[in-house]
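Biologist: I would like a close look at one part of this model. What surrounds the ligand? Please explain the terms as you go.

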Amino acid sequence: MSDAQPLDEAAVEAMVSEALAAIAVADTVADLRSVRLAHTGEKAPLALANREIGRLSPADRKVVGQLLGQARARVNEALAARQEAVAAAETAQALVAERIDVTLPVELSPVGAVHPITGLMDRLEDVFVAMGWEVAEGPELEAEWLNFDALNFRPDHPARLMQDTLFVSPVEKHLLMRTHTSPVQIRAMLQRELPIYVVCPGKVYRADEYDATHLPVFHQLEGLVVDKGISMAHLKGTLDHMARSVFGEGMETRLRPHYFPFTEPSAEIDLKCFVCKGASVGNPDAPCRTCRSEGWIEWGGCGVVNPRVLQACGIDTDVYSGFAFGMGIDRTVMFRNSATDLRDFVEGDVRFSRSMKGMAR
Ligand code: PHE
């Protein structure tokens, strides 16, 4: 028989009151956690008392056991109720504290803009793809043979001179930065099945000054068609369609005889003046500064593909003929958006790109 003194009701009641008082003042979930540990954990007075039950006489064991059981149940109930209340209060508080007013004005972070050259290139590609043409690409570092020889430039042609062309060392490798997109014509004819309908937009390089009207790196759009029965008329129709797609209805082109080694006959492409639309011609009262009252502006070069070039690519010139054209994209953007200084195209100021309306997709 144990000599342990049974706990009396008053002592148990004191433990419960102490626990209930602590529970009542815990006002956060974290506080409540430590209160729970202190009053229901292994070292809590009620738990310690419970451990003593074994040492009591069977009669006392029953009474004390019941007493402690009820006491612990009251504490647990109070804990659960308080837990619910405290958690609800914390949630309510968080909802207020973290409330976001979605109607407040926000500062929009600035986004970039499509560069006008990229914008026009994409647009031109769309114009040709819509007619069933393909977009062809070629490398900017090109073989001299593709850039000149295959295009029927004689070995002593002035365009090959170091002053105009950026050769890449060692010179014996005959590599250069392409001076025009025309080598892509050769690549297309060597690689593709006939008939060929391709456009090639891309960067070209020339040993030019960097000023308002020249960039050593600029962009061209090349077009090439090789098919049966192709004539100058198809070329003219294509150019007029392109002029209208970029500059609007009523625009057209004019061909002026010229010389290119790779086309015969060759022509320079003039674009109807997009400012006066020709109205300034012979009209001294309304002069046009853009076209100097000539009504036309030089746009690019074109012609019927020289049979020698077709033959160099193994194409039967008794069956096939073709046309090609090329023009500066930077220059076209300048025309279309009245940009005055080519250097703005490369200086990377997003405000310039944004001001080039109608160029982005
Ligand atoms: N490649 C020529 C240039 O850069 C333009 C051109 C292309 C001319 C196609 C005729 C045919 O000046």
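Modeller: The answer starts at the ligand and then moves to aromatic rings, one loop residue and some backbone details. This is a predicted model, in which local features need pLDDT of at least 70 and side-chain atom pairs count only at pLDDT 80 or more, while totals for chains, interfaces and linings use all residues. Residues are numbered from 1 along each chain as its sequence is written, and side-chain values use heavy atoms, with hydrogens and water left out.

The ligand is surrounded by 14 residues, and the closest are H180, S182, R206, Q220 and E222. A residue is near the ligand if one of its heavy atoms lies within 4 Å of it. By class, this shell holds 7 polar, 5 nonpolar and 2 charged residues. Here Ala, Val, Leu, Ile, Met, Phe, Trp, Tyr, Cys and Pro are nonpolar, Asp, Glu, Lys and Arg are charged, and the others, Gly among them, are polar. Three strands, β6 (217-228), β9 (296-305) and β10 (320-328), each supply at least two residues of the shell. Of the elements, β10 gives the most, with 3 residues. Strands (E, at least two residues) and helices (H or I, at least four) are DSSP runs numbered from the N terminus.

Some of the closest residues make polar contacts, which are pairs of N or O atoms within 3.5 Å; within protein, one atom must be able to donate a hydrogen and the other to accept it, and residues adjacent in sequence count only if both atoms are side-chain atoms. The side chain of H180 has an N or O atom 3.0 Å from a nitrogen atom of the ligand. For R206, an N or O atom of the side chain is 3.1 Å from a ligand oxygen. A polar side-chain atom of Q220 also lies 3.0 Å from an oxygen atom of the ligand. Taken alone, the ligand exposes 320 Å², and the protein buries 89% of that. These areas come from the Shrake-Rupley method with a 1.4 Å probe; for residues, only the protein chains shown count as cover.

Next come the aromatic rings. Rings of Phe, Tyr and Trp (its six-membered ring) pair if their centres lie within 6.5 Å; planes under 30 degrees apart are stacked, over 60 edge-to-face, and the rest tilted. The count by this rule is 13 aromatic pairs. One of them is the stacked pair of F247 and F274, at 5.8 Å centre to centre and 20 degrees between the planes. F247 lies in helix α8 (residues 232-247) and F274 in the loop between β8 (263-272) and β9, so the pair ties together parts 27 residues apart in sequence. F247 is buried, with a relative accessible area of 15%. Buried means under 20%, exposed over 50%, and partly exposed in between (1.4 Å probe, protein chains only). Ring pairs also link F128, W133, Y197, F323 and F325 into a cluster.

T165 sits in the loop between α6 (144-147) and β3 (167-168). T165 is buried at 1% relative accessible area, and its side chain reaches the backbone oxygen of A159 at 2.7 Å.

The backbone details come last. Most residues other than glycine have a negative phi, and most peptide bonds are trans. The bond joining S169 and P170 is cis, with omega about 0 degrees. The peptide bond from E264 to P265 is also cis, and P265 is in strand β8. R292, although not a glycine, has a positive phi of about 50 degrees.
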